[in-house]
Every structure is written in structure tokens, then in C-alpha cells.
Amino acid sequence: MKNKRLPADQMFVKGFQELLEIMLSNPFMSYLDYDSVRIDLFETEQSFIVEAELLGYHPKDITVQIQADHLQLTAKKYCIREFHDEKQGTLAREQMEESVERTIDFPFPLMNKKITATFSNEILEITISKHETNKSNQQIVPIDFQ
């Protein structure tokens with residue numbers, strides 16, 4: 001009896017190929033960049049700015065929550081993937097929910113800071129004012145989008 005080779009899961013193979021292409025194209029990225037949200041942090045005289053790359057996400061599915069001395073970023077997206085096997089003449093359709101979560105720690109409390117967020121061109125920009133305060137104990141940062 002011959003050992004039959006089972007067909008590989010097409011979605012797994014495609015995902016693995018995409019990961020390899022990314023890794024080989026930029027060897028200096030950390031593993032966290034592949035598996036989570038890419039984050040850049042900037043400081044100006046007036047504020048701290050966090051930029052998060054959220055490709056394929058809609059602003060209504062993104063949440064930024066203030067928790068003591070860190071921000072909790074959560075995003076969900078829904079996608080439909082189709083696989084067509086011409087040899088077998090089959091079409092498979094799969095609906096998936098993908099979610100990412102990232103915690104951004106700060107060396108100071110955030111609860112009374114003025115924090116704003118905008119979403120444009122798949123980039124979420126969160127601005128934390130160094131000097132302005134917010135008297136309403138908001139825990140969810142509203143996101144403006146253009």
C-alpha cells in the first residue's frame with residue numbers, strides 16, 4: 001500500500017508563501033511586525049504620536065482604550081476568501097474574522113491626558129498631548145476618519 005500524499009490546505013500554503021515573501025524582502029523587521037500591528041512612536045514638543053498601520057480595517061471596527069499607563073488597540077476585519085480547484089471543478093468560499101490587538105505602554109499615566117485619534121489611508125494616528133488635559137474620564141478614544 002502506497003502512502004498517499006494529502007493535498008495541502010491552500011489557504012495555509014498561500015499564507016506561508018506571503019509570510020516568506022515579506023520576511024525575505026525585509027529581514028530587519030521583527031516577528032511582531034508580521035503577526036501584529038506595525039507601530040511607530042514619535043515625540044514632538046507638544047505631544048506623543050503613535051502611528052499604527054491597519055491595512056484592510058474600517059474605522060468602525062477599531063477600538064483604542066485608555067488603561068492607566070497604556071493604550072489597548074483592538075481591530076477586527078471580516079474577509080471572504082475563495083479557492084477554485086480547476087482539476088476537481090470545485091469552488092470553496094470561506095468567511096473569516098481576523099482580529100489584532102496591541103498594547104502600547106507609556107512611562108506616565110494617560111488617564112487625564114488629552115488623546116485624539118484619526119484614521120486616514122489605513123493609518124491610525126493617536127496623539128497624546130503633553131500639556132493639555134482632559135477632564136472627562138474617557139476610556140475609549142473616539143476615532144475621526146477622513
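How many salt bridges does the rule give? The count comes to four. A salt bridge is a side-chain nitrogen of Lys or Arg within 4 Å of a carboxyl oxygen of Asp or Glu.

This is a predicted model: local features need pLDDT of at least 70, side-chain atom pairs count only at pLDDT 80 or more, and totals for chains, interfaces and linings use all residues. Residues are numbered from 1 along each chain as its sequence is written, and side-chain values use heavy atoms, leaving out hydrogens and water.

**Exercise 1.** Find the partner of Arg38 and place both residues.

Step 1: Arg38 pairs with Glu53; their closest N and O atoms are 4.0 Å apart.
Step 2: Arg38 sits in strand 1 (residues 38-43) and Glu53 in strand 2 (residues 47-53). Strands are DSSP runs of E, at least two residues, numbered from the N terminus.
Step 3: The two residues are 15 apart, so distant parts of the chain are linked.
Step 4: Arg38 is partly exposed, at 36% relative accessible area. Glu53 is also partly exposed, at 29%. (Buried is under 20%, exposed over 50%, partly exposed in between, with a 1.4 Å probe and protein chains only.)

**Exercise 2.** Describe the bridge between Glu132 and Lys114.

Step 1: Their closest N and O atoms lie 3.3 Å apart.
Step 2: Glu132 belongs to strand 7 (residues 123-133) and Lys114 to strand 6 (residues 113-120), so the pair ties together parts 18 residues apart in sequence.
Step 3: Glu132 is partly exposed at 45%; Lys114 is partly exposed at 34%.

**Exercise 3.** Is Lys60 buried or exposed?

Step 1: Lys60 forms a salt bridge with Asp61, with closest N and O atoms 3.6 Å apart.
Step 2: Lys60 has a relative accessible area of 66%, so Lys60 is exposed.

Note on methods:
Helix = DSSP H or I, 4+ residues; strand = E, 2+ residues; numbered from the N terminus.
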